[in-house]
Amino acid sequence: MRRVLVIDDHEPSRKDLFRVLAESGFEVAGDGTSGGGALELSLATKPEVILMAVGLADLDGIRAARRIMQAHPRPVILLTSHIDAVTIDRAKRAGIMGYLVKPLRGSELAPAIELAIAHFEEFIALREENDNLKKTLEARKTIERAKGILMANQGLSEADAFALIKRKSMDMRKPMAEIAEAILLSEEIVKTSKG
C-alpha cells in the first residue's frame, strides 16, 4: 500500500481526495493545508508520493515542491483546477513528477501516482549516476595532476608515475584519488615554504 501525503487547503477537495485515495487502496500518511509546512510534514511522514495543490494560501504548491526537491526529494504530483502553460513550465522547473486536474477521477489517480514514483526513481538513479561520474572525473583530474608532479619532480614516465600512485593506494588501502590529493598537498606545502 503506497503512502501518500496530501497538502491542500481546500477542505472539500481534500476530503474528496481522501475518499478517492482510500477507494484506490492508498494510505494517507499525513495531510496539511500549508505550503510552508509541507517540507516538515514530508520529513515527518516519509511518504512515497506527495499530492499538493497549486493554490495554497501561504506558499504556492510549486514553491513548496521546489523546497522539498532541494532539501529531501520526494515525488510530487500537483493538483490544480486549471491548466496553463506558465504553471506547467514552473512545475517542470521545480522537478514536479505529475500534474492532475481537479475534480479528480479515481481511475486517473493510481496510474498518476505509480508513474510519478517510477519517474522519480529514474530521476534519483540518474542523479546518483551523474554524481558518481562527477566524482570519477574529479578523481581522474586529481590523479592526472599528481602524475604530472611526480613526472616533473622525480623524472618518472607517465606510466611509472601512475604505477607509483596505484602501488601506494594498494599499500595504504586508500583510494588513488586520496593518494593523489596527498601528493598535491605536499607539492603545495613545498611551494609555500619556498615562496
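The secondary structure of the protein chain, taken from a predicted model, comprises 7 helices and 5 strands. Along the sequence these elements follow the order β-α-β-α-β-α-β-α-β-α-α-α. The radius of gyration is 25 Å, well over the 16 Å that the globule rule gives for 195 residues, so the chain is more spread out than a compact globule. The C-alpha trace spans about 75 × 35 × 30 Å along its principal axes.

Burial and contacts were then evaluated for the whole chain. Of the 195 residues, 38% count as buried. Contacts were also sorted by sequence separation. Among those between residues at least 6 apart, 61% join residues at least 24 apart. The accessible surface comes to about 11,300 Å². Carbon and sulfur atoms account for 55% of that surface. The chain carries 29 positive and 29 negative charges. The mean positions of these two sets are 5 Å apart.

The largest nonpolar core contains 20 residues. Val 4, Leu 17, Leu 21, Leu 51, Ile 77, Leu 109 and Ile 113 have the most contacts inside this core. At least two core residues come from each of strand S1 (3-7), helix H1 (11-23), strand S3 (49-53), strand S4 (76-80) and helix H5 (106-154). Helix H5 provides the largest share, with 6 residues.

Leu 51 illustrates the packing in this region. Neighbours within four places in sequence were set aside. Leu 51 then contacts Val 4, Leu 5, Val 6 and Ile 7, among others. Its partners also include Leu 17 and Leu 21. Ile 77, Leu 79, Leu 109 and Ile 113 are further contacts of Leu 51. A second core, separate from the one above, has 19 residues. Leu 5, Ile 7, Val 54 and Leu 78 are among its members. Leu 5 and Ile 7 are thus in contact with Leu 51, yet they belong to the second core.

A loop residue was examined next. Leu 59 lies in the loop between S3 and helix H3 (61-71). Its relative accessible area is 14%, under the 20% cut-off, so Leu 59 counts as buried. Leu 59 touches Gly 35, Gly 36, Ala 64 and Arg 67, when residues up to four places away in sequence are not counted. Gly 35 and Leu 59 are 24 residues apart in sequence. In space, their C-alpha atoms are 4.7 Å apart.

Notes
Residues are numbered from 1 along each chain as its sequence is written. This is a predicted model: local features need pLDDT of at least 70, side-chain atom pairs count only at pLDDT 80 or more; totals for chains, interfaces and linings use all residues. Side-chain values use heavy atoms; hydrogens and water are left out. Helices (H or I, at least four residues) and strands (E, at least two) are DSSP runs, numbered from the N terminus. The radius of gyration is taken over C-alpha atoms; the globule rule is 2.2 Å times the number of residues to the power 0.38. Buried means under 20% relative accessible area, exposed over 50%, partly exposed in between (1.4 Å probe, protein chains only). Contact means heavy atoms within 4.5 Å. Accessible areas come from the Shrake-Rupley method with a 1.4 Å probe; for residues, only the protein chains shown count as cover. Lys and Arg count as positive and Asp and Glu as negative; His and the chain ends are not counted. The place of a charge is taken as NZ of Lys, CZ of Arg, CG of Asp or CD of Glu. A nonpolar core is a set of buried Ala, Val, Leu, Ile, Met, Phe, Trp, Tyr and Cys residues joined through side-chain atoms within 4.5 Å.
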